[in-house]
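Ready for some practice in reading a protein structure? Work through the exercises below one by one, and try each task yourself before you look at the solution.

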Amino acid sequence: MGQAARQSAIVELLKVAPVAEELARRFAEAGYRLYLVGGSVRDALLGRLSGDLDFTTDARPPQVRQLLEDWAETVWDTGIEFGTLGAYRRGTTVEITTFRADSYDRVSRNPEVVFGDSIDDDLLRRDFTVNAMAVELPRRSFVDPYDGLTSVVDRKLDTPATPQESFADDPLRMLRAARFVSQLGFEPAARVVEAMREMAAQLERVTPERIQLELSKLLCGRHPRRGVELLVDTGLAEYMLPELPAMRLEIDEHHQHKDVYRHSLVVLEQAVDLERAAASDEEPEPEPDLVLRMAALLHDIGKPATRRFESGGGVSFHHHEVVGAKMARKRLRALRYPKDVISDVSNLVYLHLRFHGYGDGQWTDSAVRRYVTDAGHLLPRLHKLVRADCTTRNRRKANALRRSYDDLEARIARIAEEEDLARVRPDLDGNEIMRLLGIAPGPIVGQAWRHLKDVRLDRGPMEHDEAVAELYRWARDQGIDVTESE
């Protein structure tokens with residue numbers, strides 16, 4: 001098994017051999033050693049090697065720069081303070097880092113960069129054994145002092161040193177453990193999980209930006225539910241996304257309702273399934289949709305704050321979508337997410353319950369137009385989120401909900417054929433409103449525009465004369481003196 005895994009790594013390496021071997025020969029001719037290392041070796045063993053390659057070497061940064069400058073198409077040194085230079089050649093990106101033997105103050109995450117002379121020492125400082133393997137080029141000899149190959153074969157996640165030492169050096173590694181569980185489907189070793197529980201509070205040393213990056217990578221992995229469960233089970237979620245464990249509401253036997261946390265995990269899984277169902281010949285593996293996945297995970301975070309026990313044994317969560325949207329916005333801001341992600345996720349949380357007023361198709365065409373307009377560019381994601389939110393085990397009820405949403409989508413498609421639903425705008429623009437009312441730019445123009453848009457949503461498209469008459473009617477109601485002429 002081990003030999004077969006090694007062989008598969010060599011086969012993968014052959015795919016990038018022209019660039020990797022060219023580079024290795026240059027280093028060897030200059031008297032230096034070069035190793036493909038870390039995630040590149042791991043991914044080669046897993047049959048998923050990309051065009052971004054990581055190397056380590058005994059050459060110091062000035063020598064590395066000299067060897068790269070007349071070989072690569074582009075060279076950059078943004079990581080040179082950590083001994084790393086990057087380069088690009090013929091479609092392949094490489095990063096080369098001098099052997100390191102760092103020490104940490106265990107107060108910040110920043111290491112005191114110390115260059116080393118040993119590949120074994122360099123591998124010891126790495127986060128997990130699956131990332132502590134190397135292949136020396138051009139000889140292609142396999143270096144595995146911490147038995148990372150066995151970890152890959154067994155799909156286990158463990159650390160070269162003790163987990164306590166590794167996580168004390170850099171607490172972000174605990175989040176990386178959860179991320180690798182999601183991305184690779186690996187199982188963390190018992191001692192890794194134990195250390196994560198013991199040291200969860202150390203996450204406070206990590207900046208929100210770095211937490212955000214790891215959380216996003218976790219959610220975009222192939223097994224996001226497993227990564228999320230590890231965060232919650234170890235207590236890490238309390239220090240980064242406390243609203244998540246807060247959804248584990250105590251179930252009162254006299255007030256039956258769903259476990260909101262478990263329900264949210266199922267919705268996340270089903271949203272991912274709907275994403276992948278959109279695969280096509282042109283795009284066999286659709287890009288993970290961070291916004292959809294985050295909204296699926298957070299869509300019910302407003303429930304704990306809105307839970308009320310009703311007489312007769314029922315439980316209500318009135319307006320949890322409104323409260324949840326505010327909570328999602330606040331948390332994502334704290335994690336320094338971009339404004340567009342914050343806006344899109346919180347709007348999906350706000351809108352996810354809207355469909356449940358549709359019933360058996362009682363909505364008017366006006367209500368359908370408003371649903372589409374309020375969703376805007378989020379409509380395709382809202383379709384997936386609403387469908388994913390159906391987790392009932394009652395097959396009859398599930399089928400009824402599915403048929404209702406099928407009917408709504410069909411109505412949206414029909415109305416879209418008749419009207420330009422993607423661009424629902426008033427039948428008169430701002431310039432025409434000012435001309436007809438004889439007014440200058442100002443608040444009244446915006447008020448008139450919004451009124452005409454509401455009328456457009458209610459009635460559908462109007463003839464030009466109808467729109468003008470409606471504008472004059474509105475203006476008279478507002479006490480605006482107008483003369484009805486064009």
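**Exercise 1: charges and rings**

Over the ring of which residue does the charged end of Arg179 sit, and how far is it from the centre?

*Solution.* Before you start, keep in mind that this is a predicted model. Begin at Arg179 and follow the side chain to its charged end. That end sits over the ring of Phe180, 4.9 Å from the ring centre. Now try a second case: the charged end of Lys303 is placed over the ring of Phe317, with 4.8 Å to the centre.

**Exercise 2: classifying aromatic pairs**

Decide whether the pair of Phe355 and Tyr405 is stacked, tilted or edge-to-face, and then do the same for Trp363 and Tyr371.

*Solution.* A pair of aromatic rings is described by the distance of the centres and the angle of the planes. The structure holds four aromatic pairs, and we look at Phe355 with Tyr405 and at Trp363 with Tyr371.

Step 1. For Phe355 and Tyr405, the centres are 4.7 Å apart and the planes make an angle of 70°. Planes over 60 degrees apart count as edge-to-face, so this pair is edge-to-face.

Step 2. Ask where the partners sit. Phe355 belongs to the loop between helix H16 (339-351) and helix H17 (365-375), while Tyr405 is part of helix H19 (residues 395-418), so their pairing ties together parts that are 50 residues apart in sequence.

Step 3. For Trp363 and Tyr371, the ring centres are 5.4 Å apart and the planes stand at 55°, so this pair is tilted.

Step 4. Check the surroundings of each ring, using the cut-off that buried means under 20% relative accessible area. Phe355 has 4% relative accessibility, so it is buried. Tyr405 has 1% and is buried. Trp363, at 14%, counts as buried, and Tyr371 is buried with 3%.

**Exercise 3: looking along helix H17**

Which residues of H17 are buried, and which residue follows the helix?

*Solution.* Walk along H17 and pick out the buried residues: Ser366, Val368, Arg369, Tyr371, Val372 and Ala375. Then step past the end of H17, where you meet Gly376, whose phi is positive, near 55°.

**Exercise 4: helices that pack**

Describe how helix H21 packs with helix H22, and how helix H13 crosses helix H18.

*Solution.* Step 1. H21 (residues 443-459) and H22 (residues 464-477) have axes 10 Å apart, and they pack at an angle of about 125°. That angle makes H21 oblique to H22. The crossing of H21 and H22 is right-handed.

Step 2. List the residues that meet. H21 contributes Ile444, Gln447, Ala448, His451, Leu452, Val455 and Arg459, and on H22 they meet Ala467, Glu470, Leu471, Arg473 and Trp474.

Step 3. Turn to H13 (residues 290-298) and H18 (residues 379-388). Their axes come within 10 Å and cross at roughly 35°, and this crossing, too, is right-handed. Here Val291, Leu292, Ala295 and Ala296 of H13 meet Arg381, Lys384 and Leu385 of H18.

**Exercise 5: two residues up close**

Is Leu292 buried or exposed, and which residues does Leu292 touch?

*Solution.* Leu292 is found in helix H13. With a relative accessible area of 0%, Leu292 is buried. Not counting residues up to four places away in sequence, Leu292 touches Ala271, Glu275, Arg381, Lys384 and Leu385. Take Glu275: it is 17 residues from Leu292 in sequence, and the two C-alpha atoms are 8.9 Å apart in space.

Now compare with Ser346 in helix H16. At 1% relative accessibility, Ser346 counts as buried. Setting aside neighbours within four places in sequence, Ser346 is in contact with Ala325 and Arg329.

**Exercise 6: backbone angles in loops**

Which residues does the cis peptide bond join, and what is the phi of Arg90 and of Arg140?

*Solution.* Step 1. The cis peptide bond joins Leu137 and Pro138, with omega about 5°. Pro138 lies in the loop between strand E8 (134-137) and strand E9 (141-143).

Step 2. Arg140 lies in the loop between E8 and E9. Although Arg140 is not a glycine, its phi is positive, about 60°.

Step 3. Arg90 has a positive phi near 45°, and it is a residue other than glycine. Look for Arg90 in the loop between strand E4 (84-89) and strand E5 (92-98). At 43% relative accessibility, Arg90 counts as partly exposed.

Key
Residues numbered from 1 in each chain as written. Predicted model: local features only at pLDDT ≥ 70, side-chain atom pairs only at ≥ 80, totals over all residues. Heavy atoms only, no water. Phe/Tyr/Trp six-rings, centres within 6.5 Å; stacked < 30°, edge-to-face > 60°. Helix = DSSP H or I, 4+ residues; strand = E, 2+ residues; numbered from the N terminus. Buried < 20%, exposed > 50% of the residue type's maximum accessible area, 1.4 Å probe, protein only. Lys NZ or Arg CZ within 6 Å of the ring centre and 35° of its normal. Axes fitted to C-alpha atoms, helices over the stretch in contact; angles between N-to-C directions. Parallel < 35°, antiparallel > 145°, perpendicular 65-115°, else oblique. Left-handed = near helix turned anticlockwise from the far one by under 90°. Contact = heavy atoms within 4.5 Å.
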